[in-house]
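Let us walk through this structure together, one neighbourhood at a time. Keep the viewer open and follow along as each residue comes up.

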Amino acid sequence: MDYEILYKTLIGLFVASTLAIVVSKLRGKKLRLPPGPLPVPIFGNWLQIGDDLNHRNLSDLARRFGEVLLLRMGQRNLVVVSSPELAREVLHTQGVEFGSRTRNVVFDIFTGKGQDMVFTVYGDHWRKMRRIMTVPFFTNKVVQQYRYGWEYEIGRVVEDVRANPKAATDGIVLRQKLQLMMYNNMYRIMFDRRFESEDDPLFVKLKALNGERSRLAQSFEYNYGDFIPILRPFLRGYLKICKEVKERRLQLFKDYFLEDRKKLVSTKGSESVNNGQLKCAIDHILDAVKKGEINEDNVLYIVENINVAAIETTLWSIEWAIAELVNHPHIQQKLRDELDTVLGKGTQITEPDTYKLPYLQAVIKETLRLRMAIPLLVPHMNLQEAKLKSFDIPAESKILVNAWWLANNPDHWTRPEEFRPERFLEEESKVEPNGNDFRYLPFGVGRRSCPGIILALPILGITVGRLVQNFELLPPKGMEKLDTTEKGGQFSLHILKHSTIVAKPREV
């Protein structure tokens with residue numbers, strides 16, 4: 001079998017070399033491609049650039065090659081956009097042309113080759129999925145229905161931390177409680193369910209499977225088989241693990257959540273279950289199945305999207321905000337003073353309060369600017385050959401908008417390396433996270449922007465506000481600051497070490 005693989009590999013290398021020569025000739029003869037490092041046959045720029053295509057490395061390349069550059073990663077074209085003007089072109093002006101999603105061998109497994117909403121190509125299926133998901137998830141009506149649950153969940157976190165004497169002395173890993181909170185926030189919306197504790201066996205199993213899914217999908221380990229398809233046979237073991245994790249996750253979603261909800265509704269009746277109020281999200285989505293608009297596999301992939309795209313990304317942002325406040329105690333105190341002054345000491349922040357707290361809003365905006373959870377946004381793709389500036393973009397190119405660099409380029413921002421919320425009250429006071437300024441796109445903009453912004457911003461505000469109101473957040477003894485080393489993935493950015501934090505209760 002090894003000889004057979006070797007034989008196929010050698011044949012494939014010959015074919016790839018021939019294709020590379022043809023592409024090279026086309027490049028000189030027909031297409032005016034963006035600048036970039038000189039590729040070599042078969043491997044393209046992979047050997048020069050490596051696997052780690054993170055936002056900082058791509059920013060360095062943008063400084064060398066300009067606001068649009070082309071990388072040949074094996075047989076894949078990767079176009080990196082690094083200016084507000086070209087971001088506008090990709091995401092807005094030519095939003096249809098660049099509105100599809102590129103997937104790789106691993107994301108094909110976890111999304112059923114685009115049966116979800118986030119990673120499907122632009123077209124009828126995407127429009128249908130977006131419409132079906134909007135009403136139960138992404139409207140202000142949903143925020144107003146579930147904000148009380150979100151306030152309850154962060155209240156539970158505060159109570160648990162206050163009750164733990166170790167929190168005020170040695171410190172605790174606050175992320176663990178916040179992770180449970182975020183699962184409960186989203187599972188309330190999806191299934192009208194919550195987990196009572198971090199030790200809940202179902203929560204432990206769910207969290208482990210989601211963590212493994214994220215690790216496998218965000219790893220750079222499989223890039224060689226994605227960039228150079230003839231090497232894909234060597235990924236068999238990795239892809240087998242991915243398939244096993246996918247099947248176990250989808251089965252868990254189905255057995256413990258979808259089927260349970262169906263039984264509950266069928267037993268008590270939907271009106272009785274919901275007490276005449278809004279249905280939970282899965283009820284709306286199952287109605288779409290009954291109408292024949294989508295199938296049950298689509299439902300499972302919607303649940304998959306929410307587990308990854310809504311829970312983890314918001315959790316990363318909360319964790320970054322806390323780390324920055326611990327490392328900048330004067331900012332933490334300034335925020336605390338605002339909360340005490342505007343709300344009154346002891347009055348716990350609620351969702352409507354977040355809009356009358358400008359410094360809290362500035363802290364959230366600055367966290368999303370400096371520590372963007374999805375720094376390259378979710379990759380885009382053009383199905384047909386397209387134009388950017390005066391350059392030709394080959395069909396089915398992977399388009400990365402380096403949103404982190406847009407928000408951290410010193411040509412466009414004053415001292416961008418600093419965590420300074422005041423910028424959003426001073427020189428950048430008109431800039432909002434909704435994409436009104438193409439220098440600042442934490443949720444993207446246009447057709448494929450993240451609809452979860454309507455949930456993420458109030459949850460961030462309530463969570464950060466409550467923690468700062470109730471605790472003085474400090475690094476552990478012997479440390480001046482928390483370690484904020486970044487850990488990047490295929491297009492994610494989170495903190496490398498989940499730090500221990502000392503939380504000294506305040507008298508409120």
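N223 counts as buried, at 1% relative accessibility, in what is a predicted model. You will find N223 in helix α10, which covers residues 223-227. Once neighbours within four places in sequence are set aside, N223 is in contact with D51 and Q490. The link to Q490 involves a polar contact of 3.0 Å between the two side chains.

Following that contact brings us to Q490, in the loop between β8 (486-488) and β9 (493-495). Is Q490 buried or exposed? Its relative accessible area is 10% and the cut-off for buried is under 20%, so Q490 counts as buried. Beyond residues up to four places away in sequence, Q490 touches A217, Q218, S219, F220, Y222, N223, L376 and K398. One of these, S219, places its backbone oxygen 2.8 Å from a polar atom of the Q490 side chain. For a sense of scale, pick out D60 as well: Q490 and D60 are 430 residues apart in sequence, while their C-alpha atoms are 17 Å apart in space.

Next, turn to A362 in helix α16 (residues 358-370). A362 is buried, with a relative accessible area of 1%. Leaving out neighbours within four places in sequence, A362 is in contact with P421, F424 and L425. If you would like a distance to check in your viewer, the C-alpha atoms of A362 and K166 are separated by 31 Å, with their positions 196 residues apart along the chain.

Now for the aromatic rings. How many aromatic pairs does the count come to? It comes to 18. Take F195 and F257: their ring centres are 6.3 Å apart and their planes meet at 80 degrees, so this pair is edge-to-face. F195 sits in the loop between α8 (174-191) and α9 (201-218), whereas F257 belongs to helix α11 (residues 236-268), so the pair ties together parts that are 62 residues apart in sequence. F195 is buried at 3% relative accessibility, and F257 is buried at 1%.

A second pair joins F424 and Y440, with ring centres 5.3 Å apart and planes at 45 degrees, so this one is tilted. F424 and Y440 both lie in the loop between α17 and α18, so their pairing ties together parts 16 residues apart in sequence. F424 is buried, with a relative accessible area of 3%, and Y440 is buried as well, at 0%. F424 is also among the contacts of A362.

Ring pairs can also link up into a group. Here they join Y183, Y187, F191, F195, F203 and F257 into a cluster. Charged groups meet rings too: the charged end of R127 sits over the ring of Y122, 5.4 Å from its centre. In the case of W413, R369 lies over the face, at 5.7 Å from the ring centre.

With the rings in view, we can look at the nonpolar cores. In soluble globular proteins, nonpolar side chains tend to be buried together. The largest nonpolar core here has 123 residues, and those with the most contacts inside it are F137, L178 and Y187. Helix α14 (residues 296-327) gives the largest share of this core, 16 residues. Y187 also appears in the ring cluster described above. As for F137, it touches V142, I189, M190, A281, I285, I302, I306 and L455, not counting residues up to four places away in sequence. Apart from this core lies another, of 37 residues, among them A62, V245, L376 and L400. L376 is also one of the residues that Q490 touches.

The F137 contacts include A281 and I285, and these two lead us to helix α13. Why can α13 be called largely enclosed by the rest of the structure? The helix spans residues 281-290, and seven of its 10 residues are buried, so the description fits. The buried ones are A281, I282, D283, I285, L286, A288 and V289. Just after α13, G292 takes a positive phi of about 80 degrees.

Our last stop is C450, in the loop between α17 (403-406) and α18 (453-470). At 34% relative accessibility, C450 counts as partly exposed. An unreviewed UniProt entry carries the annotation "binding site" for C450.

Key: Residues are numbered from 1 along each chain as its sequence is written. This is a predicted model: local features need pLDDT of at least 70, side-chain atom pairs count only at pLDDT 80 or more; totals for chains, interfaces and linings use all residues. Side-chain values use heavy atoms; hydrogens and water are left out. Buried means under 20% relative accessible area, exposed over 50%, partly exposed in between (1.4 Å probe, protein chains only). Helices (H or I, at least four residues) and strands (E, at least two) are DSSP runs, numbered from the N terminus. Contact means heavy atoms within 4.5 Å. A polar contact is a pair of N or O atoms within 3.5 Å; within protein, one must be able to donate a hydrogen and the other to accept it, and residues adjacent in sequence count only if both atoms are side-chain atoms. UniProt positions are given in the numbering used here, feature names are shortened, and annotations may be inferred rather than shown by experiment. Rings of Phe, Tyr and Trp (its six-membered ring) pair if their centres lie within 6.5 Å; planes under 30 degrees apart count as stacked, over 60 as edge-to-face and the rest as tilted. A charge sits over a ring if NZ of Lys or CZ of Arg is within 6 Å of the ring centre and within 35 degrees of the ring normal. A nonpolar core is a set of buried Ala, Val, Leu, Ile, Met, Phe, Trp, Tyr and Cys residues joined through side-chain atoms within 4.5 Å.
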